[in-house]
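This report describes the fold of a single protein chain, working from its core outward to its sheets and helices. Please look over the sequence and the structure before reading on.

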Amino acid sequence: MPKLSKPTKADISAVFSDNVATKKYRNQNVISKIKFPRKSKSVKAQNAKDRFKSAISWAKSTLMDPDMKTLYSKGITDKLSNAQTVAVTDYMEAPKIHYVSLKDHHGIIGDKIRIKATDNFQVISVTVKITNAKGTLLEQGRATRYPRKPAMWVYILTVANPDLNGTVINVTAKDRPGNETELEEKVARELP
């Protein structure tokens with residue numbers, strides 16, 4: 001004879017209802033109410049769901065290209081079991097800029113700005129924009145990847161900047177799905 005896990009006022013009507021489930025537990029039939037998950041009214045949760053759907057859609061369309069599928073297959077690990085999972089996690093996570101080193105930046109043409117930028121899969125470009133204290137754009141361009149260290153990028157100055165104090169250096173790192181991260185450094189020193 002079936003047992004009700006939670007007796008209600010109309011125990012027998014629960015057997016004929018659409019929102020009950022029966023299962024066998026220790027050789028007994030158990031009837032229980034079906035619990036429906038509540039819909040979240042959170043905007044943050046809905047945005048996360050929408051972003052995840054976009055990530056899946058982007059990953060599916062990107063992996064149609066055999067070269068991209070081969071590239072993302074290289075990222076397979078114990079936790080990321082296939083190329084689509086690697087692509088989805090790449091879409092979901094933006095790159096990180098760890099630091100911008102200005103120790104070799106003295107405002108002279110040929111000086112170097114070193115940037116450390118990483119991503120869970122791959123950073124494809126780092127751009128640098130230099131503005132003086134008055135807000136005038138001095139130069140902008142792409143940094144190049146340091147040959148021996150893939151997380152390091154180097155930008156070589158092409159315009160002299162005699163007044164370094166107040167110069168703003170804006171660095172943007174971009175990954176394959178198009179996620180961007182910006183970091184702004186303000187120079188608070190003068191030329192020696």
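Which residues does isoleucine 113 touch, not counting residues up to four places away in sequence? In this predicted model, the list consists of Val100, Ser101, Leu102, His105, Ile130, Trp153, Val154, Tyr155, Leu157 and Ile169.

## Overall composition

The chain contains four helices and 11 strands. It has 192 residues, of which 31% count as buried. Among contacts with a separation of 6 or more, 55% are between residues 24 or more positions apart. The accessible surface of the chain is about 13300 Å², and carbon and sulfur atoms account for 54% of that area.

## Nonpolar cores

The largest nonpolar core is made up of 19 residues. Ile113, Ile115, Val126, Ile169 and Val171 have the most contacts inside this core. At least two core residues come from each of strand E4 (96–101), strand E5 (112–118), strand E6 (123–131), strand E9 (152–156) and strand E10 (168–175). E6 supplies the largest share, with four residues.

There is also a second, separate core, which has 11 residues. Trp58, Met68, Ala87 and Val88 are among its members.

## Strand E5 and its neighbours

In a regular strand the side chains alternate between the two faces of the sheet. Strand E5 shows such an alternation: Ile113, Ile115 and Ala117 point to one face and are buried. Lys112, Arg114, Lys116 and Thr118 point to the other face and are not buried.

E5 pairs with E4 in the antiparallel sense, over five bridges. The pairing of E5 with E9 is antiparallel and also has five bridges. Lysine 116 takes part in both pairings: its bridge partners are tyrosine 99 and, in E9, methionine 152.

## The four-stranded open sheet

Four strands form an open sheet with antiparallel pairing, in the order E7-E6-E10-E11. Strand E7 (137–142) and strand E11 (180–186) are the edge strands, each pairing on one side only. From one strand to the next, the twist averages 15 degrees.

E6 and E7 run antiparallel and are joined by five bridges. One of the residues involved is threonine 127, whose bridge partner in E7 is arginine 142.

## Serine 125

Serine 125 is located in strand E6. Is serine 125 buried or exposed? Serine 125 counts as buried because its relative accessibility is 8%, and the cut-off for buried is under 20%.

The side chain of serine 125 makes a polar contact, at 3.5 Å, with the side chain of arginine 142. Leaving out residues up to four places away in sequence, serine 125 touches Arg142, Trp153, Thr172, Ala173 and Lys174. Arginine 142 is thus named twice here, as the polar contact of serine 125 and as the bridge partner of threonine 127.

## Helix H4

Helix H4 spans residues 83–92. Its buried residues are Ala83, Val86, Ala87, Val88, Asp90 and Tyr91. Ala87 and Val88 also belong to the second core. The cover over the buried residues of H4 includes helix H2 (43–62), helix H3 (66–73) and strand E10.

The N-terminal end of H4 is capped by asparagine 82. A side-chain oxygen of asparagine 82 lies 3.2 Å from the backbone nitrogen of glutamine 84.

Methods: Residues numbered from 1 in each chain as written. Predicted model: local features only at pLDDT ≥ 70, side-chain atom pairs only at ≥ 80, totals over all residues. Heavy atoms only, no water. Core = buried A, V, L, I, M, F, W, Y, C linked by side-chain atoms within 4.5 Å. Buried < 20%, exposed > 50% of the residue type's maximum accessible area, 1.4 Å probe, protein only. Contact = heavy atoms within 4.5 Å. Polar contact = N/O pair within 3.5 Å; in protein donor to acceptor, adjacent residues only side chain to side chain. Pairing = 2+ DSSP bridges. Axes fitted to C-alpha atoms, helices over the stretch in contact; angles between N-to-C directions. Areas by Shrake-Rupley, 256 points an atom, 1.4 Å probe, with all protein chains shown as cover.
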